[in-house]
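Have the model open and ready to rotate. We'll begin with a single side chain and work outwards from there.

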Amino acid sequence: PMDSLTQAVLGGAVGHAVGGRRLGRRAASWGAALGTVPDLDVLAYPWLDTAGELLVHRGLTHGLAFAFVAGPAFGWLIARAERWRLRRRDVDPGSWRAWAVVAFWALVTHP
């Protein structure tokens, strides 16, 4: 298991590797953020016992199925956010498909 900082750095590196040419440094930033998303399952810990914590942490968000489902969803959300953020500039925000590829591979760093 990796600590959160290492997971973010790996997500950023993967994001840059798969989307950097098309999306620029934004791919690394989003990759870093997405690399830590599966670990947000720890927010459920206050309501779980020790066995539940282990089950939840190595559960749904740490599997390939999560990457296949959440990757396109995050890709769509990121594309919308980038389009809104760059609305007054002459910069290509990137397609949702390009962002979905970045999201998928950043999430795959967990399983």
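E82 is buried, with a relative accessible area of 3%. Here "buried" means under 20% relative accessible area, "exposed" means over 50%, and "partly exposed" is anything in between, worked out with a 1.4 Å probe and protein chains only. Keep in mind that you're looking at a predicted model, in which local features need pLDDT of at least 70 and side-chain atom pairs count only at pLDDT 80 or more, while totals for chains, interfaces and linings use all residues. Residues are numbered from 1 along each chain as its sequence is written, and side-chain values use heavy atoms, with hydrogens and water left out.

So who does E82 pair up with? Its side chain meets that of R26 in a salt bridge, a term for a side-chain nitrogen of Lys or Arg within 4 Å of a carboxyl oxygen of Asp or Glu. The pair links distant parts of the chain, since E82 is in helix α4 and R26 is in helix α2, 56 residues apart. R26 is buried, just like E82.

E82 also has a salt bridge with R85. These two are three residues apart in helix α4, so about one helical turn separates them. R85 counts as partly exposed because its relative accessibility is 38%. Put together, R26, E82 and R85 are linked in a network of salt bridges.

How many salt bridges does the structure hold? There are three, and here they are with their N to O distances:

| Salt bridge | Distance |
|---|---|
| D92 and R22 | 2.6 Å |
| E82 and R26 | 2.8 Å |
| R85 and E82 | 3.0 Å |

Now for the pair of D92 and R22. D92 lies in the loop between α4 (64–85) and α5 (96–108), whereas R22 is in helix α1, so the pair ties together parts that are 70 residues apart in sequence. D92 counts as partly exposed at 44% relative accessibility, and R22 is partly exposed too, at 47%.

Let's follow α1 (residues 4–23). Two packed helices are described by the angle between their axes and the distance between the axes. For α1 and helix α2 (residues 25–36), the angle is about 145 degrees and the axes are 6 Å apart. The axes are lines fitted to C-alpha atoms, for helices over the stretch in contact, and angles run from 0 to 180 degrees between N-to-C directions. Residues of α1 including A8, G12, G15 and G19 meet residues of α2, among them A28, G31, A32 and G35. Contact here means heavy atoms within 4.5 Å.

V18 lies in α1 as well, and counts as partly exposed because its relative accessibility is 38%. With V101 and W105, V18 forms a nonpolar patch on the surface, and together they have about 250 Å² of accessible area. Such patches are made of residues with over 30% relative accessible area and no salt bridge: nonpolar side chains (Val, Leu, Ile, Met, Phe, Trp, Tyr) are joined within 5 Å, and like charges within 9 Å.

Finally, zoom out. The chain has five helices and zero strands; both are DSSP runs numbered from the N terminus, helices being H or I with at least four residues and strands E with at least two. Of its 111 residues, 40% count as buried. Along its principal axes, the C-alpha trace spans about 50 × 20 × 20 Å.

Key
Accessible areas come from the Shrake-Rupley method with a 1.4 Å probe; for residues, only the protein chains shown count as cover.
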